[in-house]
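Colleague: I've got a model open and a list of labels for it, and I'd like to know what stands behind them. Can you take me through the reasoning?

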Amino acid sequence: MDYGMIGKIEKAKRYAEERERICIRNFQATFDGENNPHTVEFDDGHWKCDCNFFITRGVCSHTMALERIMAGMLAVPIEIT
Ligand SMILES: [Zn+2]
């Protein structure tokens, strides 16, 4: 392996510990729930899930689990004042 790549791998390891450098703006994930798979979406601070609980409450175990996994990296919704 060349020195350039070794340096990049070292940097990647350091970056992986510095979560505040990362801001996730949007993604879509399939969440394998206990009963069914669910599609979860995140877009600039706004969550969406196709499960019944989310439809009535605007939050669910799937979005909350992903929030924990991605703690400190998720974009905050932009408030229009
Ligand atoms: Zn859900």
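**What the labels rest on**

Modeller: Sure. Buried residues make up 25% of the 81 residues in the protein chain. Bear in mind that this is a predicted model.

Colleague: What is the order of the elements in the protein chain, from the N terminus on?

Modeller: They run α-β-β-β-α-α. That gives 3 helices and 3 strands.

Colleague: Why is the chain called more spread out than a compact globule?

Modeller: The globule rule gives 12 Å for 81 residues, and the radius of gyration here is 17 Å, well over that, so the chain is more spread out than a compact globule. The C-alpha atoms fill a box of roughly 55 × 40 × 15 Å along the principal axes. L66 and Y3 are 63 residues apart along the chain, and their C-alpha atoms are separated by 36 Å.

Colleague: What share of the contacts with a separation of 6 or more comes from residues 24 or more positions apart?

Modeller: Those account for 40%. As for the surface, the chain exposes about 6600 Å², and carbon and sulfur atoms supply 53% of that.

Colleague: On to the rings. How many aromatic pairs are there?

Modeller: The structure holds 3 aromatic pairs. One of them is F27 with F42.

Colleague: What makes F27 and F42 a stacked pair?

Modeller: Two values. The ring centres are 5.7 Å apart, and a pair needs centres within 6.5 Å. The planes are 20 degrees apart, and under 30 degrees counts as stacked. This pair links distant parts of the chain: F27 is in strand 1 (residues 26-32), F42 is in strand 2 (residues 37-43), and they are 15 residues apart.

Colleague: And why is F27 with W47 called edge-to-face instead?

Modeller: Here the centres are 6.0 Å apart and the planes stand at 80 degrees. The cut-off for edge-to-face is over 60 degrees, so 80 degrees earns that name. F27 lies in strand 1 and W47 in strand 3 (residues 46-49), so this pair ties together parts that are 20 residues apart in sequence. Taken together, F27, F42 and W47 form one aromatic cluster.

Colleague: Are those rings buried or exposed?

Modeller: F27 and F42 are buried, and W47 is buried too.

Colleague: How do you know that strand 1 and strand 2 are paired?

Modeller: Pairing takes at least two bridges, and 7 bridges join strand 1 to strand 2. So they count as a pair, and they run antiparallel. For a landmark, look at Q28, which stands opposite E41 in strand 2. A hairpin of 4 residues makes the connection between strand 1 and strand 2.

Colleague: What about strand 2 and strand 3?

Modeller: These run antiparallel as well, joined by 4 bridges. Against the cut-off of at least two, 4 bridges make strand 2 and strand 3 a pair. D43 has H46 in strand 3 as its bridge partner. The hairpin there has 2 residues between the strands, and D44 takes a positive phi near 45 degrees.

Colleague: Which residues are on the covered face of strand 3, and which are on the uncovered one?

Modeller: W47 and C49 are on the covered face, while H46 and K48 are on the uncovered one.

Colleague: Why are C49 and C51 called buried?

Modeller: Buried means under 20% relative accessible area. C49 has 7% and C51 has 6%, so both fall under the cut-off.

Colleague: How many disulfides does a search of the whole structure find?

Modeller: The search finds 0. A disulfide is a covalent bond between the sulfur atoms of two cysteines.

Colleague: Last stop, helix 3. What makes T63 buried?

Modeller: T63 sits in helix 3 (residues 61-69). Its relative accessibility is 1%, and the cut-off is under 20%, so T63 counts as buried. Leaving aside neighbours within four places in sequence, T63 is in contact with V40, W47, C49 and F54.

Colleague: And how do you know that L66 is buried?

Modeller: By the same reasoning: L66, also in helix 3, has 8% relative accessibility, so it counts as buried. Not counting residues up to four places away in sequence, L66 touches F27, F31, V40 and W47. F27 and W47 also belong to the aromatic cluster.

Technical notes. Residues numbered from 1 in each chain as written. Predicted model: local features only at pLDDT ≥ 70, side-chain atom pairs only at ≥ 80, totals over all residues. Heavy atoms only, no water. Buried < 20%, exposed > 50% of the residue type's maximum accessible area, 1.4 Å probe, protein only. Rg over C-alpha atoms; globule rule 2.2 N^0.38 Å. Contact = heavy atoms within 4.5 Å. Areas by Shrake-Rupley, 256 points an atom, 1.4 Å probe, with all protein chains shown as cover. Disulfide = S-S within 2.5 Å.
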